[in-house]
Amino acid sequence: MTQGQPINFANGTQGNLWTQSYSSGNKALAESGKNKYYYAYIGAVRWQVDLKTDYNFFGTPVFYAIAQKWDGSSWVNVGSEKRVDNGTFTFTDDGTNTHIWRLRYRSYSGQFLEYLYGSAYVRGYARGEESTYNNNIRGQYLRICSGQMKWGKSYKGKDWKPTDSNIYSLYNTKQNRGSPILASLGDNRIAFKEI
C-alpha cells in the first residue's frame, strides 16, 4: 500500500509487516519443566506464531499453548489448547477486528534446559478471505497502536491485563489517534478499537 491509496481489502493484503524468529540456539521463548506459564503479548489485528521444540538425547519436551484475546474485561481462549512437541504448530488470530491478543504457553514435561522456540509474523490487516475483511474490518474506525509483539523469558508468569503499564503501550491506540497512516508503518500497527 502506498500513500494516497484507499484502505481496502486489496491494499491491506500486503505481506509481513514484522517478523521475528528464535532458533534453538536463542533459547528465548520458554524452558521446560512442570507447569511454568509464559505469555507472548501481541498487538496486531492479523498475526501468526509458529512454535516447535527440539528433540535431544532425553526425548522431546512438551508444551501446551493457546491463543487468547481480550473481551473488554478478561482474556478469553480462542480455540483449544494445542500440544506442542515434535514438529511445528501454528497459532493465528481468528479474523475479528481486535488487536489485543496474547499467546499463553506452559511447559508440561522435559529435561531441564530444553526449550520452546519458533517464529512470529504480523500480517497485513486484510490478510485472509475478502469476506473476513468485509464482515470484520470494513467500516471500522481506524487507529494506530504502537509497539510490537512482546514475548520471551522476561514474560514468564506475567499474567498482565492490556491496561497494565508493562504492556499498555503495545495496545494503546489513543496516543496515536488522528495520526496519518503512512505506507510504511514501522513498528506501528493498524487497529480498530481503543482501550
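**Notes on Gln68 and its surroundings**

1. A polar contact of 2.8 Å ties the side chain of Gln68 to that of Asn77. Gln68 has another polar contact, this one of 2.6 Å, with the side chain of Arg102. Keep in mind that we are looking at a predicted model.

2. Where does Gln68 sit? Look in strand 5, which covers residues 62-70. Is Gln68 buried or exposed? It counts as buried, because its relative accessibility is 3% and the cut-off for buried is under 20%. So this is a polar side chain to look for under cover, not on the outside.

3. Which residues does Gln68 touch, once those up to four places away in sequence are set aside? The list is Trp75, Val76, Asn77, Ile100, Trp101, Arg102 and Arg104. Asn77 and Arg102 are the partners in the polar contacts of point 1, at 2.8 Å and 2.6 Å. Trp101 is worth a click too: it is 33 residues from Gln68 in sequence, yet the two C-alpha atoms are 5.8 Å apart in space.

4. Arg104, on that contact list, leads on to strand 3. Arg104 belongs to strand 8 and is the bridge partner of Tyr39. Strand 3 (residues 37-43) and strand 8 (residues 100-109) run antiparallel to each other, paired over 7 bridges. Strand 3 is mostly covered, with 6 of its 7 residues buried.

5. Now the aromatics. Tyr39 turns up again here, in a cluster with Tyr41, Trp70, Trp75 and Trp160 that is linked by ring pairs. Trp75 is also one of the residues that Gln68 touches. Across the whole structure, the search gives 9 aromatic pairs. If you are browsing rings, have a look at Phe91 as well: Lys82 lies over its face, 4.9 Å from the ring centre.

6. Stepping back to the whole fold, I'd describe the protein as 11 strands plus 2 helices. The order along the sequence is β-β-β-β-β-β-β-β-β-α-β-α-β. Take the contacts between residues at least 6 apart in sequence: 81% of them join residues at least 24 apart. The Gln68 and Trp101 pair, at 33 residues apart, gives you a local view of such a separation.

7. Last, the surface. The protein has 195 residues, and 46% of them count as buried. About 9,400 Å² is exposed, with carbon and sulfur atoms supplying 43% of that area.

Key:
Residues are numbered from 1 along each chain as its sequence is written. This is a predicted model: local features need pLDDT of at least 70, side-chain atom pairs count only at pLDDT 80 or more; totals for chains, interfaces and linings use all residues. Side-chain values use heavy atoms; hydrogens and water are left out. Helices (H or I, at least four residues) and strands (E, at least two) are DSSP runs, numbered from the N terminus. Buried means under 20% relative accessible area, exposed over 50%, partly exposed in between (1.4 Å probe, protein chains only). Contact means heavy atoms within 4.5 Å. Accessible areas come from the Shrake-Rupley method with a 1.4 Å probe; for residues, only the protein chains shown count as cover. Rings of Phe, Tyr and Trp (its six-membered ring) pair if their centres lie within 6.5 Å; planes under 30 degrees apart count as stacked, over 60 as edge-to-face and the rest as tilted. A charge sits over a ring if NZ of Lys or CZ of Arg is within 6 Å of the ring centre and within 35 degrees of the ring normal. A polar contact is a pair of N or O atoms within 3.5 Å; within protein, one must be able to donate a hydrogen and the other to accept it, and residues adjacent in sequence count only if both atoms are side-chain atoms. Two strands pair if DSSP finds at least two bridges between them.
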